[in-house]
There are 2 protein chains.
Amino acid sequence: MGTVGKAISLLELFTVDEPELGLSDLARRSGFDKATTRRLLLALTGHGFVEQDAATRRYRLGAGLSRLARIREARFPFLQTAVPLVRELAASTAETVHLSEFGVDALVTVHVEHPAWANRVNIDIGQLLPLHSTASGIAYLAFARDETVKACLTGSLKAFTAHTLIEPAAISTSIGETRDRGYSICDQGFEEGVISVAAAIRAADGFALGTIAVAAPKARTTPAALPERGLAVMAAAREISMRLNGENLQTLRRQA
Amino acid sequence: MGTVGKAISLLELFTVDEPELGLSDLARRSGFDKATTRRLLLALTGHGFVEQDAATRRYRLGAGLSRLARIREARFPFLQTAVPLVRELAASTAETVHLSEFGVDALVTVHVEHPAWANRVNIDIGQLLPLHSTASGIAYLAFARDETVKACLTGSLKAFTAHTLIEPAAISTSIGETRDRGYSICDQGFEEGVISVAAAIRAADGFALGTIAVAAPKARTTPAALPERGLAVMAAAREISMRLNGENLQTLRRQA
DNA sequence: GGATGTCGGTTCATTATTTGAACCCTTATT
DNA sequence: AATAAGGGTTCAAATAATGAACCGACATCC
């Protein structure tokens, strides 16, 4: 791995649960030498990608990242556009709704709305969702480029629960159904006791760029509720796609 | 400069006005060799910090940045907290209101609300504001650590207009007045014909972490309007500080 | 229509940067 | 008073970054 990759993988050690880490911790988790880790952190701090707490000496993600993310968001207002519809869907379903965007080889959660229930599905911002074993992932693949689908299915597929589909053929079938139906269903494929439905949000070229999904405890989900939820998530995804692409869904390559 | 710094400075070439750049363009502007530039871009794309448009082959900022920025925002909800108050202030003043956060050695604009006027002050998200020559900068320095102030005043101070204060003594005076008054005034110090007032947003330790500012065309600003505007911006800054620090302004080291 | 310029991308010998074991200092913990 | 763990630093050795030259594709211009 090049130096740049190392620096970035340091940044990727920070999570919502552990937003502040010490030098030794970072060195241990990254596997880099302490001196190396520190030099990388220094370079990152110098550009505002990392900040160091003056009192505790621990490191956290810096304002430079916010700046660049806002520049990106100005060009491509994904969050701004989608968040209101995520809220609406969360209100109408009274379940956890999350929004993700494709990045490298997984979906990254960029926004979440949680319901008031004590028993609910908890998802963190920044969490990575594998493509083959989540409702979002399948919804994405249903409208992804062929090479993306192929790359996903030829990789090694991890089984997260006893229900996770890991045979490429079974996943292909699921993708096909999703394409016909317009939304995907994932029954405990990622976490035991959680059932999700998702639909793809698509760019002007018709390919998926992200997803919106509803995740609920299986215990409180009746079979009858699923199609209803699926249609709602599909409607939200379509609305977001339309708003992003200036109302002209015609240009979408494949119809949902 | 280390390789990491070079990679980051590539990212910093993207702006709201030019959110997509080609390889040769990036190489030219960064001053790096084309091969080097490409290798850096490859490393950045591999981690989702940069994306390449499949059709035009041009590069843009990637989703990985949004992901990290959201993780940061989850820990420290600066935008979420401040944006509603920025909106309010924009509505009540009917002028451009902008929010900035300190990063490395300047303030970075993270949010802007523009009024409906045709003649207004335009500010882009991501724009960097120098500390010595903007209302935001002076407001920040008024509640910054002594070493930050010193570092700023000993550097070389650029005059952006004929009105820019560049003598350290004059700037110190301005900082002192701001500390006493609670808000700063900058009369055309950054751009001809623009007059701004700003106040510092402060962390739990009492030091500034960002600013909120109102920028207006000097032509339509009466001397009487300034103190009114100053008090409004100060009230907004104090409210944001309180919400960020859990209502306990007592812990703030210095009183505004 | 062929000469010229630009662009994205690649190669490989040369060169400069990154690396990490050992070290120091400070702050808990026992 | 001894031990461990954390942040930070040093410098010879090892490794990774560099850039001039080159390729093919496309556009433009007499």
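**Figure 1. Helices of both chains that line DNA strand C.** In this predicted model, the surface near DNA strand C draws at least two residues from each of four helices, namely helix 1 (3-11) and helix 3 (34-46) of chain A and helix 2 (23-30) and helix 3 (34-46) of chain B. Around DNA strand C there are 18 residues, of which A:Lys6, A:Asp33, B:Ser24, B:Lys34 and B:Arg38 come nearest. Among the atoms of DNA strand C that come within 4 Å of the protein, sugar and phosphate account for 68%. By residue class, the surface near DNA strand C is made up of seven charged, seven polar and four nonpolar residues.

**Figure 2. Contacts of chain B with phosphate oxygens of DNA strand C.** The side chain of B:Arg38 places an N or O atom 2.4 Å from a phosphate oxygen of DNA strand C, and B:Arg38 is also listed among the residues that come nearest to this strand. A polar side-chain atom of B:Tyr59 lies 2.7 Å from a phosphate oxygen of DNA strand C. In the case of B:Thr3, a polar atom of the backbone is 3.1 Å from a phosphate oxygen of the strand.

**Figure 3. Residues of both chains around DNA strand D.** The surface near DNA strand D receives at least two residues from each of helix 2 (23-30) and helix 3 of chain A and helix 1 (3-11) and helix 3 of chain B. DNA strand D is surrounded by 18 residues, and the closest are A:Ser24, A:Lys34, A:Arg38, B:Lys6 and B:Asp33. Of the strand atoms within 4 Å of the protein, 70% belong to sugar or phosphate, while the rest belong to bases. The residues of this surface divide into seven charged, seven polar and four nonpolar.

**Figure 4. Contacts of chain A with phosphate oxygens of DNA strand D.** An N or O atom in the side chain of A:Ser24 is 2.5 Å from a phosphate oxygen of DNA strand D, and A:Ser24 is one of the closest residues to that strand. For A:Arg57, an N or O atom of the side chain is 3.1 Å from a phosphate oxygen of DNA strand D. A:Thr3 contributes a backbone N or O atom, which lies 3.1 Å from a phosphate oxygen of DNA strand D.

**Figure 5. Surroundings of A:Ser9 and of B:Ser30.** A:Ser9 is found in helix 1 of chain A, and it counts as buried because its relative accessibility is 18%, below the 20% cut-off for that class. Leaving aside neighbours within four places in sequence, A:Ser9 is in contact with A:Met1 and A:Phe32. The C-alpha atoms of A:Ser9 and A:Ala27 are 11 Å apart in space, and the two residues are 18 residues apart in sequence. In chain B, B:Ser30 is found in helix 2, where a polar atom of its side chain lies 2.8 Å from the backbone oxygen of B:Leu26. Beyond neighbours within four places in sequence, B:Ser30 is in contact with B:Leu10, B:Leu13 and B:Thr37.

**Figure 6. The buried and exposed sides of helix 7 of chain B.** In helix 7 (residues 146-154) of chain B, the residues B:Val149, B:Cys152 and B:Leu153 are buried. These residues lie on the same side of helix 7 of chain B, because they cover an arc of only 90° around the axis. On the other side of this helix, B:Glu147, B:Lys150, B:Ala151 and B:Thr154 are exposed. The cover over the buried residues of helix 7 includes helix 6 (135-142) and helix 8 (168-181) of chain B.

**Figure 7. Two spans of chain A that carry UniProt domain annotations.** An unreviewed UniProt entry lists residues 1-63 of chain A for "domain: HTH iclR-type". In the model, residues 1-63 of chain A are 49% helix and 13% strand, and the end C-alpha atoms of the span lie 26 Å apart. For "domain: IclR-ED", UniProt lists residues 64-246 of chain A, again in an unreviewed entry. Over residues 64-246 the chain is 43% helix and 22% strand, with the end C-alpha atoms 30 Å apart.

Definitions and conventions: Residues are numbered from 1 along each chain as its sequence is written. Chains are lettered from A and ligands numbered from 1 in the order in which they are written. This is a predicted model: local features need pLDDT of at least 70, side-chain atom pairs count only at pLDDT 80 or more; totals for chains, interfaces and linings use all residues. Side-chain values use heavy atoms; hydrogens and water are left out. A residue is near a molecule or strand if one of its heavy atoms lies within 4 Å of it. A polar contact is a pair of N or O atoms within 3.5 Å; within protein, one must be able to donate a hydrogen and the other to accept it, and residues adjacent in sequence count only if both atoms are side-chain atoms. Ala, Val, Leu, Ile, Met, Phe, Trp, Tyr, Cys and Pro count as nonpolar, Asp, Glu, Lys and Arg as charged, and the others, Gly among them, as polar. UniProt positions are given in the numbering used here, feature names are shortened, and annotations may be inferred rather than shown by experiment. Buried means under 20% relative accessible area, exposed over 50%, partly exposed in between (1.4 Å probe, protein chains only). The arc is that of the directions from the helix axis to the C-beta atoms. Contact means heavy atoms within 4.5 Å.
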